[in-house]
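Here is a report on a model with several chains. It takes the chains in turn and picks out local backbone features along the way.

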Amino acid sequence: MKSHWIIAAALSAGIALPASAQDKVKLINVVELSGAGATAGTNFKNGIDLAVAEINAKGGLLGKQIEIIHYDTQTNPGNTRAAVQRAIDEGTYAVLGPVFSGPIGASMQIAQRAEIAQIVGGEAAGLTKQGNQYLFRTSLSQAAAMPKIAKYLKDTVKAGSVAVVWVNNDFGKGGRDAIIPELEKAGIKVAADVSTEQGQADFSADAIKIKNANADAVFVYLNEEESARFLRAAKQQGVNKPMVGETTLLGAKVIELAGEAANGAKGHVGLSIDAPIPAFQEFGKKFQAKYNYASDHNGMKGYMGVYMIKWATEKQKKFDKKGLADTLRGATIKPSEEPGILMETTIEKNGDLDRESFLAEVKDGKQVITATLPKINP
Amino acid sequence: MTAPATKGSAGLRTTPARAPTLGGFADGTLITLALGAVILWFAPSGMGRYGTYVLSLWLVMAIAVMGLNLTLGYAGLKSLAQAAFMGIGAYITALLTTKTGISWYAAFAISGIATFAVGLLLGFPALRVKAHYLAFVTLAFSTLVWLVMRNEQWLTGGVFGLSNIPRPSLFGFKLDGALAFHRFVVVVTFLLAVLLWWMIRSPWGRAFTALRENPIRAASLGIDTRMYTLLAFAIGSAYAGFAGALYAPLVEFIDPSPFSLSQSFFLLLMVVAGGAGYLLGPFIGALLGVVLPEWLRFAGSLYLIIFAAIVMLLLIACPQGMSGLIERGWAWITGKNKAGGGR
Amino acid sequence: MDPGAPLRCGRDDASRSNATLNEPSENTAMAEFIAYLIAGVATGAIYALAAIGFTLVWQTSQTINFAQGEFVMLPAVLVLLAIKLFGAPIWLAAIIGIAAFILIFGVGFKIAVVDPMIRHGVLPLAIATMALSIIMKEGAKDGFSAEAQNFPSFVPTDTLSIFGAAISLQHLAIIAVAFAVIGALQWFVGGTRLGRQMQATAQNPTVARILGIPVERMVLLTFVINAALAVVASVLISPIYLAKFSNGEVIGLFAFIAAIVGGFNQVRGALVGGLIVGIVDSLAAGYFSSQYKLAVPLVLLIIIILLKPEGLMGRREERRV
C-alpha cells in the first residue's frame, strides 16, 4: 500500500507546477487572510487589488498587465515562510505583505536572500533594525509615531499621568514598549499599564481598572474593533478622561462601531481617509465604492505599496527585482510624479518611511484633523 | 480504531478486527517507511525551495502527529497540548542554539527529555483521577504555556519571537540549504518512525495495544494500566518536543502562534483524519493538514473551506480517517479478505 | 498587586488612584469590587448561555461540539446578511436568519453530521465539528465580512448605577435571560411530559426506547433547542461584542471551560460554571497581572478537575455508551 506516497507525489507535483509565463508581471501578496490577522490582512489585500485594477486599467506597468495573487498565511510564521518561498519560486517581481510582525520576522530573510523587495504593512520598531536591505514599510514605524504622541499628551492634552491600555500582540506590545520610555522622557507618569487580549470581546473589567487609575488621560493602543469595544465599555463605566490614541483609535471603522462613545477621542494619525488631503479622500471614496465599506489604514498601506512598486519600476524602466529594491532605498516619492503614492514619502536606507502625519479628534461622529505634523527630516 | 479509543474504556468495537493483522503486516509498514524515506530523499529535485520546504514541514508535523497518535490512537488518551509540547521543544532548541551555542543535537535531546519529563509531571496527577480528564488538564496547560511564551519577553522574545535560529551541521557539513536540511529531516523522521514502530512491536507496545483493545481484560491480566498510559503520554509528548526541535531550525523563526491551543486541536484533527491507531496514519494526517491546504491554494480565498469540508466529509464517510478508508478500499479490492491494507 | 506592571505608580494627589495601595475609603474599594463582580456576572451569563449548549448536546448524544462558539457567532451574521442581500427590514431579516440557522445547524447538523458518526465514538465527531467550525468561520468571513459589524440592540443601551458601579441594561438583560432560559429548561425537563421523555433519553436511551419514547425525535429536539439557545445568545451579545466571524473562538473556549467547571452533565452546572468563570475572569483582570489574567480561570479549572473531576454541579457518570 504505497498509495499515499503516490498521492504525496501527485500533490507535490501539483505544487511544483510552474505557473505559465505570459506577457504579465506577477506580483504576489502574502498576507493574513485567516487567523488573528484576518481583518488587517483583508484590508491590505483590498487596497492592493484596488491599486492593481487602476494600474491595469491605465495600460499596466511598462505596458504589462499586473497579475496579482494573494496567498494566505493563516497568521502563522511557518505558513508565511512557505508562502513567501512559494512567491519567490514562482518568480514574483516583489513580495507584498505580510502585515503582522511575527510573520514578517519569519519570512524577511527569505526575500533578503533572494534579493527581492518585500513591502510590508508591519509597524513594529524592531523590523527595520536588523540591517535587511530588502524590507520596506508602507507606514510610519512606531518608533517614529510615539514621540509625536508623547509630545501631544504633554503639550496639548497637558496630562501629568496617563493610563496605557494596549493589545497584547506584536502591534500593541510594540507600541506600548515604544510609548512608555517617551512618556517617561516627557515627565508623564504611567498610572496604569493594562494589557488586553487580541480579539477580546468584553472590556468592562479593563475599563473599571482604567477608571480607578484616575489618570489625566488614557492612551489606547488597540486594533480597530477592540478600540470600539473599549470606548463603549469606558463610556458605560463613566470614564470621562480624554482618550488619546493612534490611527487605530480614530479611524472611520471605530467611529462607526463605537458610535457616540468615539466622540472626543483624539491623537495622532499616520494614514487616514479623513485627512485633509484630496488624494486620501479620493482613495477613501474609491475603496468604499468597490468594497462597500470604509478602508482602514491597512487598506491604504496596501494601495500605496503597489504604487511604490510602480514608481520604482517606471524609474528604473525595467523589471529588475534587485534594481527595484535599490531604486526604492533612499528614494523620495512625490505625488506630482506618482499620484498613487497619495502624499510625499521618503524611504530611508533601512526601509523606514518618513512622511507628514496629522493630529486629529473625533467630533460629532467625524474625524477632524486639527494639525498637520511635518516630516521628521524635511 | 477510534471507537474504543475515544471512550477511554469499555468501548464497543464497531469496525472489523484489525489486531491479528498487526504482526503480519508490521514488516510491510517498515518497508513502506524505508521506501518512503528513499522517495522523499530524492523527491525535492526539481520542486524548488517552496516544495522542498513544504515537504520538510509535512515531515516535522508528522513527527508531532506520530507522538499524538501514540497517546491517542494507541493509549486512548486525549491530549490537547501537543502543540504546546512542540513549542517547549522549539523554544528550548532555539534558545540553546542561539544563546548558548550548544550543538543542535544536544538541544534536540534536551528538548525530548524536557518534554518527556513535563509529560510525566502533567500526566501523573491527571491520570490519577481519570484518563478522561487529561484532556481538560492539557487544555489548561496548553494555554498556560502559550501565555508564558508570549509574556516572558526577556526569555522567549514574546510576541516578537526569536529569529535567526541556526540549522545544524552533520560531520562538518553545513545543512543550511533547503535540500540538505530536507534530507536531514527525512533521516530524523525515518529514525523516529522506526523507533515508534519498534516500541509498538515490543512487549511493552503489545501490552499497550492490549490495553486499548480491552482495558478491563488488560487490567485483569496484571498490566499496570496507569503506568502504561502515563508512559505513552510522556513519550507522545517527547515526540512533540522532537518535532519542535526540528521546527525551529526549519522555519528559522519562532513565535507563540504555532503553539497555541488551536494548533493542538489541529494536530488532533490530523491524527483522526489520518487514522488514529495506524502507524502510517500520522503521515497521511499531516499530509492532509499541511500539504493539502497548500495544494488547495489554487482555489483562492475558499481554500480553507474546501479543506475543512474535505476533512468533514472524510470523517462522515469513514470515521477511521484516511487509513480506515484505504483499508476499507483495499479489503474491497481484494475481495473482502481482511488483509488490513498497507498497514 | 500587579506584578506585570512595574511601571504603575499612583498619582500622589489622586485619592482613588489605586484602591488597595493608597489609603482609600472602604467605600471606594468596595464599589470597585462590586463593579468587577457585576461585570463578571454579565460576562459569565454569556458564557453560561453558550455552555448550556455543550451540556445539552453532551447529555443526549455524548458529543462535544467544538463549533459551539461559531454557533453563537453565526446567527447575528446571518441576520445581517439577510439585511444586506435582500434589503429586508430588521424583523424579517431576523426571522429569515434565525430560521435558516435553526434549520441548518439544529436539524441539518444532527442529520448530516451527528447521525452518521455517533456510533463511532466521541472523537471523530468532535473532530468533524472542528472542521465545521472552520467552515462556519471562513464562510462568515468570505460570505459576509472580515470586519466587525454593528448589530442592533433590542434593549436600550442606558446604564444604571448600582452601589456606585455602572451596569448597562444590556448586561442586565443578558443576566435575566440566562437565568430565565435555564429556569425554563429545568421546568421543561422536570415538569413536562416531553421534557421528561427527553431526560429519560439522555439518561438511558436503551431503556427509553423500551419504554416507547421516540428516542430519535428526542435527540433531534435537543439539537433544535441547542440551536435556538445559540440564537438567543447571539442576539443578546452581538450588540456588545459586535458581529464578527472570529467571535466564536473566545466564546467557545470560555463556554467549554465553564461547562467543565460546572459539570458537563448538568444544565444548571453550565450556569454555575459560566458565572464562576466570568467572575474569576473579571476579578483577575482587575486585581491580577493583566498579561496573565487568562491563566486564572485555567488554574481554577485544573484545581477543580483534580478535586472534583465531575465538575462542581456534575454527578458521577456510571453509564457507559
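The text below covers chain A, its contact with chain C, chain C itself, and one loop residue of chain B.

**Confidence and domains in chain A**

This is a predicted model. Chain A has a mean pLDDT of 89, and 94% of its residues reach 70 or more. One stretch falls short of that: over residues 10-21 of chain A, pLDDT stays under 50. For that stretch the model has 17 contacts beyond four places in sequence.

Chain A is divided into two domains. Domain 1 takes in 21-139 + 280-347, and domain 2 takes in 142-269 + 357-373. Their C-alpha centres lie 28 Å apart. Across the boundary, 10 residues of domain 1 of chain A are in contact with 14 residues of domain 2 of chain A. The domain 1 side of this contact has 5 nonpolar, 3 polar and 2 charged residues.

**The sheet of chain A**

Chain A holds an open sheet of 5 strands. The strand order is 2-1-3-4-5, and the pairing is parallel. Which strands form the edges? They are strand 2 (65-72) and strand 5 (135-137) of chain A, each of which pairs on one side only. Helix 2 of chain A packs on the sheet. This helix touches strand 1 (24-31), strand 2 and strand 3 (95-96) of chain A. The direction of helix 2 makes about 170 degrees with that of strand 2 of chain A.

At the strand 5 edge, 3 bridges join strand 4 (residues 118-120) of chain A to strand 5 of chain A, and the two run parallel. Within this pair, A:I119 has A:F136 in strand 5 as its bridge partner.

**Chain A against chain C**

How many residues of chain A are in contact with chain C? There are 35, and they meet 38 residues of chain C. On the chain A side, the elements that give two or more residues are helix 2 (38-57), strand 7 (189-196), helix 7 (204-213), helix 8 (224-236) and helix 10 (252-258). By class, this side of chain A has 12 nonpolar, 13 polar and 10 charged residues. Helix 2 of chain A thus appears twice in this report: it packs on the sheet, and it gives residues to the side that touches chain C.

**Chain C**

Chain C has 11 helices and 2 strands. From the N terminus on, its elements run α-α-α-α-β-β-α-α-α-α-α-α-α. The chain has 321 residues, and buried residues make up 57% of them. Among contacts between residues at least 6 apart in sequence, 71% join residues at least 24 apart.

The two strands form a hairpin, with 2 residues between them. Strand 1 (residues 159-162) and strand 2 of chain C run antiparallel, joined by 4 bridges. C:L160 has C:I167 as its bridge partner in strand 2. C:A165 and C:I167 point one way from strand 2 (residues 165-168) of chain C, while C:A166 and C:S168 point the other way. All four are buried.

**Unusual backbone geometry**

Most residues other than glycine have a negative phi, and most peptide bonds are trans. The table lists exceptions.

| Site | Feature | Value |
|---|---|---|
| A:G97 and A:P98 | cis peptide bond | omega about -5 degrees |
| A:N292 | positive phi | near 65 degrees |
| C:Q62 | positive phi | about 50 degrees |
| C:F163 | positive phi | near 50 degrees |

A:P98 lies in the loop between strand 3 and helix 4 (101-113) of chain A. A:N292 sits in the loop between helix 11 (278-291) and helix 12 (297-316) of chain A. C:Q62 is in the loop between helix 1 (26-61) and helix 2 (68-86) of chain C.

Are A:N292 and C:Q62 buried or exposed? A:N292 counts as exposed because it has 9 C-beta neighbours inside 10 Å. C:Q62 counts as buried because it has 21 C-beta neighbours inside 10 Å.

**A loop residue in chain B**

B:R167 lies in the loop between strand 1 (162-163) and strand 2 (169-170) of chain B. With 19 other C-beta atoms within 10 Å, B:R167 is partly exposed; a residue needs 20 or more to count as buried. Leaving out residues up to four places away in sequence, B:R167 touches B:L175, B:D176, B:F181 and B:P249. B:R167 and B:T97 are 70 residues apart in sequence, yet their C-alpha atoms are 8.9 Å apart in space.

Conventions. Residues numbered from 1 in each chain as written. Chains lettered and ligands numbered in written order. Predicted model: local features only at pLDDT ≥ 70, side-chain atom pairs only at ≥ 80, totals over all residues. Buried ≥ 20, exposed ≤ 12 C-beta atoms within 10 Å, placed from the backbone. Contact = placed C-beta atoms within 7 Å. Nonpolar A, V, L, I, M, F, W, Y, C, P; charged D, E, K, R; others polar. pLDDT = per-residue confidence, 0-100. Pairing = 2+ DSSP bridges. Axes fitted to C-alpha atoms, helices over the stretch in contact; angles between N-to-C directions. Domains from an automatic or database assignment.
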